[in-house]
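Biologist: I am new to this protein and would like to go through it with you slowly. Could we put the structure in front of us before we begin?

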Amino acid sequence: MRTIHDKMSHLLLRRRPWFIAIFQACLVACSLLLAWLLRFDFTLPDRRILLSALPLLVLARLAGMASFGLFRGWWKYAGIGDGIDIIKAVGTGSVLFLLSTRYLFVGESLPRAVYVLEAMLTTGLLAGVRLLTRVLAGSMRADVSTCKRVILIGAGSAAQSVLQEIRLPGSGYEAVGCLDDDPSKRGVRINNVAVLGTVDELPGVLSSQSADEVLIAVPSATGAQMRRFVNICNREHISFKTVPALKDIIAGEVIVSQLREVRFEDLLGRDPIQINLESVRNEISGRTVVVTGAAGSIGSELCRQLLECNPATLVCFDQSETGLFFLRRDLDKPANGTRVAICVVDITDMERIRKLFSEFSPDIIFHAAAYKHVPLMESNVQEAVKNNVLGLVGLLDLAEESGCGNFVLISSDKAVNPTNVMGATKRICELVLSSRPPNRMRCVSVRFGNVLGSSGSVIPVLKEQLHKNEPLTVTHPEMTRFFMTTREAVTLVLQAFAIGDHRDILVLDMGEPVRILDLARTLIRLSGKFEPDVEIQFTGLREGEKLHEELFYKNEQVISTAFKKIKRTSAPIKDWNELRLQLDQLRASMTIDGAAPIRAGIKRIVPEYVFQPESTRQIRQPVVHDAYVEKDSSLVK
Ligand SMILES: NC(=O)c1ccc[n+]([C@@H]2O[C@H](COP(=O)([O-])OP(=O)(O)OC[C@H]3O[C@@H](n4cnc5c(N)ncnc54)[C@H](O)[C@@H]3O)[C@@H](O)[C@H]2O)c1
């Protein structure tokens with residue numbers, strides 16, 4: 001909860017005009033009272049006249065103040081100009097007051113001395129509070145040695161807001177100068193802080209001016225621009241912070257309080273995504289949408305973004321009660337009137353799913369519930385098949401039975417030439433969706449690589465190790481993965497859903513793969529540490545893991561869509577009757593002891609699946625598809 005002090009600072013920082021007006025009205029009332037006391041030797045005769053004059057005076061003074069902008073302005077920077085405005089406002093107010101008392105107070109009048117004394121006292125008080133604020137602010141800033149000396153990257157409106165806030169007492173910062181790549185801004189002063197040159201000139205600026213930190217005040221910076229800024233700061237061994245991206249800036253909050261460390265996703269994910277939000281909205285608005293795995297990293301982001309599209313009902317399925325508890329808190333009271341239903345349910349529990357589907361009659365299902373941890377699923381093969389494959393098959397049948405019109409599977413790049421059970425189950429799911437005969441339900445799969453920061457993924461693990469000052473564990477120096485921010489991936493999933501045809505496997509273009517070793521090194525630098533101080537240990541590939549992931553099968557034709565980051569694949573369709581038979585065999589294999597029969601059943605459906613027991617494991621080279629070209633891969637080197 002905010003303290004009273006916080007609230008007062010907030011009021012003053014935001015300079016709420018109504019607050020300032022009330023405060024100044026009180027000063028006017030005090031002036032009148034004091035003028036009366038002075039005029040009548042500290043007695044209060046004719047109180048009726050005094051009380052009738054008070055509202056007139058306050059209104060006249062407020063009108064005068066409003067005309068000369070006395071409800072705005074930073075008192076701590078008050079100067080001669082403000083003094084002149086006060087005199088003009090008091091003069092105007094006095095004339096208004098004089099005229100109103102003359103016409104309204106028939107037969108009675110205020111002593112002339114009161115008019116004069118009140119005007120003098122009001123002038124003194126209005127000027128006095130400004131002066132006092134300025135003196136107090138100055139004394140609070142007196143010890144600038146404790147302030148961080150900062151250089152701002154950017155000299156636009158965000159930098160201007162940051163500089164304004166930095167000048168406030170207690171901000172803890174002192175601005176040395178700004179750097180901006182626009183050469184025409186050189187020498188320009190923003191809030192009295194000079195633009196010293198371009199961002200590339202940071203080394204020169206640092207050699208002539210001492211600074212403790214760089215503030216990156218470019219909320220619209222793309223991933224490539226952020227990488228460049230971070231690069232330059234790293235080379236100069238100066239720490240840095242950033243304002244959040246535009247979409248993350250909390251309106252009305254002080255920007256300085258939103259300054260934060262640069263995150264890995266800033267270096268990847270600020271590039272604008274081209275989507276047609278209207279087409280997505282049209283598909284979702286007013287519909288009933290089910291998200292399975294809603295409490296997970298992708299599911300929860302899906303729920304958040306779906307809510308922005310005004311579904312009539314959003315139904316969240318997950319077996320994790322705690323996860324759903326946090327999701328409910330997160331989605332509390334959607335502003336647009338969408339009904340949110342939270343259902344603790346295991347998607348393999350067909351009876352319960354049937355009941356829920358008949359209760360909600362979903363129009364669209366986004367299926368994100370799955371087991372996803374590769375090494376774990378290698379030792380729990382039966383569970384992986386039960387949850388990921390049989391769960392999906394049952395869900396599809398019940399969805400169709402309930403009249404659902406759209407089914408979207410969240411697939412994974414691990415489905416391509418899988419070397420592990422988890423990836424193979426995802427491939428089976430893709431095949432099931434693409435082979436199902438076209439009935440009334442449109443089935444679309446969306447395939448993509450790692451999303452940053454998802455539960456149990458590499459970045460949270462490395463960050464925790466950094467936080468605990470432990471060595472960073474990287475599986476292999478050459479290991480690469482595709483990365484995208486969760487928000488970006490989910491936005492594209494929604495767009496893919498809007499454009500997908502029945503049987504489509506749509507693949508998100510994730511840029512070039514990132515070497516995990518580079519990622520670890522980048523995280524070290526972003527954390528303000530340096531590599532020799534942080535050990536990196538190579539642990540070796542774990543069971544079922546590939547050195548490089550792939551996004552396409554060799555026999556998949558890659559077709560561009562209207563959206564640069566979404567590719568459509570075209571490949572021969574598996575015969576549905578044959579697949580059903582193979583699925584029955586797979587189901588039967590689960591009754592036999594051991595994982596081998598299940599792996600054999602998987603292999604029958606996915607011939608590309610390669611089981612690599614520990615002893616025979618080889619590093620497999622990725623298939624680089626001709627259609628897949630991406631240029632900008634540089635991370636912070
Ligand atoms: N995280 C990634 O990097 C990534 C990348 C590509 C694809 N995917 C796919 O996206 C999906 C979601 O991934 P995530 O990262 O959000 O995983 P997650 O583990 O954070 O979320 C999965 C959710 O599904 C739920 N779930 C699992 N089995 C269930 C069942 N039987 N009944 C009900 N709920 C069940 C879990 O409780 C969990 O909340 C997975 O299918 C995964 O393969 C993930």
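What follows is a short exchange of questions and answers about this predicted model.

Biologist: What average pLDDT does the protein chain have?
Modeller: The model is predicted, and pLDDT is the predictor's own confidence in each residue. In the protein chain, 89% of the residues score at least 70, and the average pLDDT is 87.

Biologist: Over which residues does pLDDT stay under 50, with 35 contacts beyond four places in sequence?
Modeller: Over residues 1-7 pLDDT also stays under 50, but there the model has one contact beyond four places in sequence. Where pLDDT is low, the predicted coordinates should not be read in detail. The stretch with 35 such contacts is residues 620-637.

Biologist: Which helix gives the largest share of the largest nonpolar core?
Modeller: The largest nonpolar core has 139 residues, and those with the most contacts inside it include L152, V162 and V493. Its largest share is nine residues, which come from residues 381-401, that is, from helix α15.

Biologist: From which domains does this core draw at least three residues each?
Modeller: V291 is another of the residues with the most contacts inside the core. The domains that each supply at least three core residues are domain 2 (144-262) and domain 3 (277-449 + 484-509 + 550-616).

Biologist: How many residues are in the other core, which lies apart from this one?
Modeller: In soluble globular proteins, nonpolar side chains tend to be buried together. Here the other core has V28, L32, W36 and L110 among its members, and its residues number eleven.

Note on methods:
Residues numbered from 1 in each chain as written. Predicted model: local features only at pLDDT ≥ 70, side-chain atom pairs only at ≥ 80, totals over all residues. pLDDT = per-residue confidence, 0-100. Contact = placed C-beta atoms within 7 Å. Core = buried A, V, L, I, M, F, W, Y, C linked by C-beta atoms within 7 Å. Buried ≥ 20, exposed ≤ 12 C-beta atoms within 10 Å, placed from the backbone. Helix = DSSP H or I, 4+ residues; strand = E, 2+ residues; numbered from the N terminus. Domains from an automatic or database assignment.
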